[in-house]
Amino acid sequence: IIFSFATTIGKAYYFFFLESSPTTKTTTIKIPIPTANNSKENSPSHYWHIYSTVIPIWLYFTFPFIKNTCLLLIHTVLVTTVQVLMSAVSQNDDDDVKNSENPEWAKKSLRKKCECELCKSGKATSHNDDSHDQSLNQKITVAGVDLRLIGGTTKCARTMIRYFEKVFGDDKKDGSKGKDGCRALEGKKVVEVGSGTGLVGSCLALLGANVTMTDQSYVMEVLNFNLNKIGKTAAVAKKAFNVETKEHVWGTDTKELVPCDIVVGSDLIFALEGIRPLVKSITNMVRESRKKKDDVEAYVAVIRRFEWEKLYFDLMDKNFDSEKVLEEGDICIYRYKWHGKGGGIINDKATKDVSAEDGN
């Protein structure tokens, strides 16, 4: 780099100041030139290669500013090269959606702004705050393990894992357990309804539970993709990660999912037509599990978007006592305990009927 830069300056100096000057044959730079019979051979132009080599070297060692400029150029090139290489390595490590093994949808994102009924009316206050992340490639620390989830996560799910980490996790520097301790989940079977990309179920698995994650068939690709990656990360971190996935459409048979100790779900009441089938699945799982287990409960995280979501709460009240265990902005987490006064039956009914008209 130094030689090339100095050579360029030298050649420019020669052609502009020596070659074009009428005094080119008498220069103040004493460079030995061989004697030749032909007078043309004694001209500086015949020895341009000597000038283009010697003059740059002379300039480099004679003028400090040229030397410093060359050194600065080298330093800049080296630093820039190192930064580019480090950035490329970091990008490949932190954002592996560019790798061929990742699906195309991993590079996409959802619309950023929530435009639900309660947001438009002003009743919802935190749907669009700084925690509203709709990106489809997210990095989240769960139970002390750094995870990446493709497909995004919901605000409800992120709130729910923080709650579970506090209740069941080892969240203290002295090594003491959380409110109920990690051992409260060891050996417990958890069924998650509407697992989506798998954040909540993965959290409970990393906290020691045996988790069955369920969703519809078209969600299984992204769910299994994430769980495979999380399983490898958990193995490196020497964390237990006992999970399985099963297809389940709300309102259908739940015999393959029971008995269980806990049923969980987050951000599930966004569609009116899905509320009755959802409550039916939760109710059936808890009812059937109670035949073999005494203490069965459910946790559901809810973010309100529409007025008709009251139907969900009315239907759950038929067979459960509810306790609001967390309220954070517009998100609430409810813990449900069985009372069975409704007979454990959720009747099918047209979804056009809202809760105010619901009499069953």
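1. The centrepiece here is an open sheet of seven strands, running β5-β4-β3-β6-β7-β9-β8 with mixed pairing. Strands are DSSP runs of E at least two residues long, helices are runs of H or I of at least four, and both are numbered from the N terminus; two strands pair if DSSP finds at least two bridges between them. At the edges sit β5 (242–247) and β8 (320–328), each pairing on one side only. From one strand to the next, the twist averages 20 degrees.

2. Before going further: this is a predicted model, where local features need pLDDT of at least 70 and side-chain atom pairs count only at pLDDT 80 or more, while totals for chains, interfaces and linings use all residues. Residues are numbered from 1 along each chain as its sequence is written, and side-chain values use heavy atoms, leaving out hydrogens and water.

3. Take a look at β6 (residues 262–266) and β7 (residues 297–303), which pair in the parallel sense over five bridges. Val263, for instance, has Ala298 in β7 as its bridge partner.

4. Two helices pack on this sheet. Helix α5 (residues 155–168) touches β6, β7, β8 and β9 (331–338), with its direction at about 140 degrees to that of β7. Contact means heavy atoms within 4.5 Å; angles run from 0 to 180 degrees between N-to-C directions, with axes fitted to C-alpha atoms, for helices over the stretch in contact. Helix α9 (residues 310–317) touches β7, β8 and β9, and its direction makes about 20 degrees with that of β9.

5. Which residues of α9 are buried? They are Leu311, Tyr312, Phe313, Leu315 and Met316. Buried means under 20% relative accessible area, exposed over 50%, and partly exposed in between (1.4 Å probe, protein chains only). The cover over the buried residues of α9 includes α8 (275–289), β7, β8 and β9.

6. If you're hunting for disulfides (pairs of cysteine sulfur atoms within 2.5 Å), a search of the whole structure finds zero. Why no bond for Cys156? Because the closest cysteine sulfur, in Cys332, is 9.0 Å from its own, too far for a bond. Cys156 is also buried, at 1% relative accessible area, and Cys203 counts as buried too, at 0%.

7. Now for the whole protein chain: it has nine helices and nine strands, and buried residues make up 43% of its 360 residues. Among contacts between residues at least 6 apart in sequence, 65% join residues at least 24 apart.
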